[in-house]
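Colleague: I have just opened this structure and would like to learn how to read it. Could you walk me through it, feature by feature?

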Amino acid sequence: MSVGINHFIFLSAVLFGLGIYTIIGNKNIIKIYFGIVLLLSASLINFVTFSNFNGFNPEGQITIFILSALFILLIFIGGLIGYNYYKQYGSIELEQ
Amino acid sequence: MTYDIIYYVFAVVIVLSALVCAFSKNIMRSAFALFLTLIAVSALYVILHSELFALVNILFISGIAIMILIFIPKIKFLFSTEESQLNKTHFISVITISLLVAIISSIVASTRWQRFEINYDVNSYTLIFSKFMPLVILVAIIASVIIFLTKFILKKNNS
């Protein structure tokens, strides 16, 4: 059986699960930030896969470019929030 | 056939490095595992006819690398290899999330797709070396400038 759409969706589901585990299983701000990056990359794999559904659709690629610009902004803002948290509280571990 | 082999190799790399990123207790190790995951994901974008977005994704990785390499040295205790005591493996959440992944994958597997296969014949990797060649050079220049600036900033902070 050749590799089709559902192989890629399965891969993105695995990445999505690992991202969610990284977010809820860690109390370190930087690890939570890594989990958000894993979630974003899982969603982008889905977008790229469905742009290949039933031939090649360039509309999906346009959506991906807009989303990736938003994601880069979001990543930088998240890093700044983590750094300011460290400056204010002296630690990057979230308290219980 | 070759596309199948490429897919399986990069899928194994993605899953293993994402597991290291999720379960490793050393933060620097999980950071570099995250970079490896994202680079392997951009290799999958090349298979899926979006070479341009693969290049953009490499810029995205370098942006995350700057964030981590600039901000982690300021938080000095992260460089120590001692493991964080607060990060313990939660078995209940592992089981719940693996159930979620199983449900999603069973839904995907039981769907009757209109057209299951991806047309790999449209793809031509020569586009990277002909049409997108200026962009490749631009990405290389931007990435090298970013690395140089990071080194400069780190040197300035250390002195």
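Modeller: Happily! This is a predicted model, and confidence is a good place to begin. Among the elements of chain A, α1(A) has the highest mean pLDDT, 90, while α3(A) has the lowest, 78. Chain A as a whole averages 82, and 97% of its residues score at least 70.

Colleague: Which elements make up chain A, and in what order do they run?

Modeller: Reading from the N terminus, the pattern is α-α-α. That is three helices and zero strands.

Colleague: How does the radius of gyration of chain A sit beside that of a compact globule?

Modeller: For 96 residues, a compact globule would come out near 12 Å, but chain A has 17 Å. The box around its C-alpha atoms tells you about the shape too: along the principal axes it is roughly 55 × 30 × 15 Å.

Colleague: What should I look for in α3(A)?

Modeller: Try its span. From first C-alpha to last, the 32 residues of α3(A) reach 47 Å, close to the 46 Å expected at 1.5 Å a residue. Then look at which positions are covered: A:Gly60, A:Ile64, A:Phe71 and A:Gly79 of this helix are buried. Just after α3(A) comes A:Gly90, with a positive phi near 75 degrees.

Colleague: Which residue that is not a glycine has a positive phi in chain B?

Modeller: Here is the general idea. Most residues other than glycine have a negative phi, and most peptide bonds are trans. In this model, B:His49 has a positive phi of about 70 degrees, although it is not a glycine. You will find B:His49 in the loop between α2 (27–47) and α3 (51–74) of chain B.

Colleague: Why does B:His49 count as buried?

Modeller: B:His49 is buried because 23 other C-beta atoms lie within 10 Å, and the cut-off is 20 or more.

Colleague: What does the rest of chain B look like in terms of helices and strands?

Modeller: Chain B has six helices and zero strands. Of its 159 residues, 21% count as buried; for the 96 residues of chain A, the figure is 41%. Sequence separation is another thing to read: in chain B, 59% of the contacts between residues at least 6 apart join residues at least 24 apart.

Colleague: How many residues does each chain bring to the contact between them?

Modeller: Chain A gives 46 residues and chain B gives 51. On the side of chain A, α1 (5–25), α2 (29–50) and α3 (58–89) each supply at least two residues, and the largest share, 16 residues, comes from α1(A). Sorted by class, that side of chain A has 26 nonpolar, 17 polar and three charged residues.

Colleague: Which residues touch the most other members of the largest nonpolar core?

Modeller: First the general idea: in soluble globular proteins, nonpolar side chains tend to be buried together. Here the largest nonpolar core has 51 residues, and A:Leu15, A:Leu38 and A:Ile45 touch the most other members. Elements of both chains give two or more residues to this core: α1, α2 and α3 of chain A, together with α1 (2–23), α2 and α3 of chain B.

Colleague: What does A:Leu38 touch?

Modeller: Leaving aside residues up to four places away in sequence, A:Leu38 touches A:Leu15, A:Leu18, A:Gly19 and A:Thr22 in chain A, and B:Ala18, B:Cys21 and B:Thr37 in chain B. Select A:Leu38 in your viewer and you can follow these contacts into both chains.

Notes: Residues numbered from 1 in each chain as written. Chains lettered and ligands numbered in written order. Predicted model: local features only at pLDDT ≥ 70, side-chain atom pairs only at ≥ 80, totals over all residues. Contact = placed C-beta atoms within 7 Å. Helix = DSSP H or I, 4+ residues; strand = E, 2+ residues; numbered from the N terminus. Nonpolar A, V, L, I, M, F, W, Y, C, P; charged D, E, K, R; others polar. Buried ≥ 20, exposed ≤ 12 C-beta atoms within 10 Å, placed from the backbone. Expected span 1.5 Å × (residues − 1). pLDDT = per-residue confidence, 0-100. Rg over C-alpha atoms; globule rule 2.2 N^0.38 Å. Core = buried A, V, L, I, M, F, W, Y, C linked by C-beta atoms within 7 Å.
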